[in-house]
Amino acid sequence: MINFLTGAVNWSEIWVITLVGYSVVFVTLVALLYSFKYILKLIHYFSTNKRSSESGKSKKPEEQYIPGEVNAAIAMGLTLFFHEQHDEESGIITIKRVARTYSPWSSKIYGINNQRS
């Protein structure tokens, strides 16, 4: 660091602090990467072990087939529902000028730099 009495710079301490800081950030990012990558696998592993121990034998989940017409009807119903939630607006913008009375709060003559005594 900088010795304020002599003004000398100790570069070895600066490099050590820099390297330790970068390595801590890098190691933390790698740990977060692996934790986010494998968290779903861990959750699935623990949930399947719990289910298999409760039922005695593991069952494959049944695939449910939903026809395309049913999917289209559900999507159309959701679209109509969400479009009804918004108000219909005209799209016209009206700008009205409002005459404001004098206010000392907006006056420039009472600024901070005005040092009259």
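Is Tyr38 buried, partly exposed or exposed? Select this residue in the model, which is a predicted one, and color it by accessibility: Tyr38 turns out to be partly exposed, with a relative accessible area of 36%.

Next, add Tyr34 to the selection, a residue that likewise counts as partly exposed, at 44% relative accessibility. Tyr34 and Tyr38 both belong to helix α1, which covers residues 11-55, and because they are four residues apart there, about one helical turn separates them. With the two side chains displayed, turn the view until both rings can be seen; a pair of aromatic rings is described by the distance of the centres and the angle of the planes. For Tyr34 and Tyr38 the centres are 6.2 Å apart and the planes make an angle of 5°, so the pair falls under the 30 degrees that count as stacked.

Keep helix α1 in view and select Leu33, which lies in that helix and is exposed, with a relative accessible area of 51%. Then extend the selection to Phe26, Val27 and Val30, which together with Leu33, Tyr34 and Tyr38 form a nonpolar patch on the surface, with about 600 Å² of accessible area for the group.

Now move along the chain to Phe81 and Phe82, whose ring centres lie 5.4 Å apart with the planes at 65°, so this pair is edge-to-face. Phe81 is partly exposed at a relative accessible area of 46%, and Phe82 is also partly exposed, at 45%. The count of aromatic pairs in the model comes to three, among them the two visited on this tour.

Finally, clear the selection and look at the whole chain, which has two helices and zero strands. Of its 117 residues, buried ones make up 1%, while the accessible surface of the chain comes to about 12,600 Å², with 64% of that area belonging to carbon and sulfur atoms.

Notes:
Residues are numbered from 1 along each chain as its sequence is written. This is a predicted model: local features need pLDDT of at least 70, side-chain atom pairs count only at pLDDT 80 or more; totals for chains, interfaces and linings use all residues. Side-chain values use heavy atoms; hydrogens and water are left out. Rings of Phe, Tyr and Trp (its six-membered ring) pair if their centres lie within 6.5 Å; planes under 30 degrees apart count as stacked, over 60 as edge-to-face and the rest as tilted. Buried means under 20% relative accessible area, exposed over 50%, partly exposed in between (1.4 Å probe, protein chains only). Accessible areas come from the Shrake-Rupley method with a 1.4 Å probe; for residues, only the protein chains shown count as cover. Patches are made of residues with over 30% relative accessible area and no salt bridge: like charges are joined within 9 Å, nonpolar side chains (Val, Leu, Ile, Met, Phe, Trp, Tyr) within 5 Å. A salt bridge is a side-chain nitrogen of Lys or Arg within 4 Å of a carboxyl oxygen of Asp or Glu.
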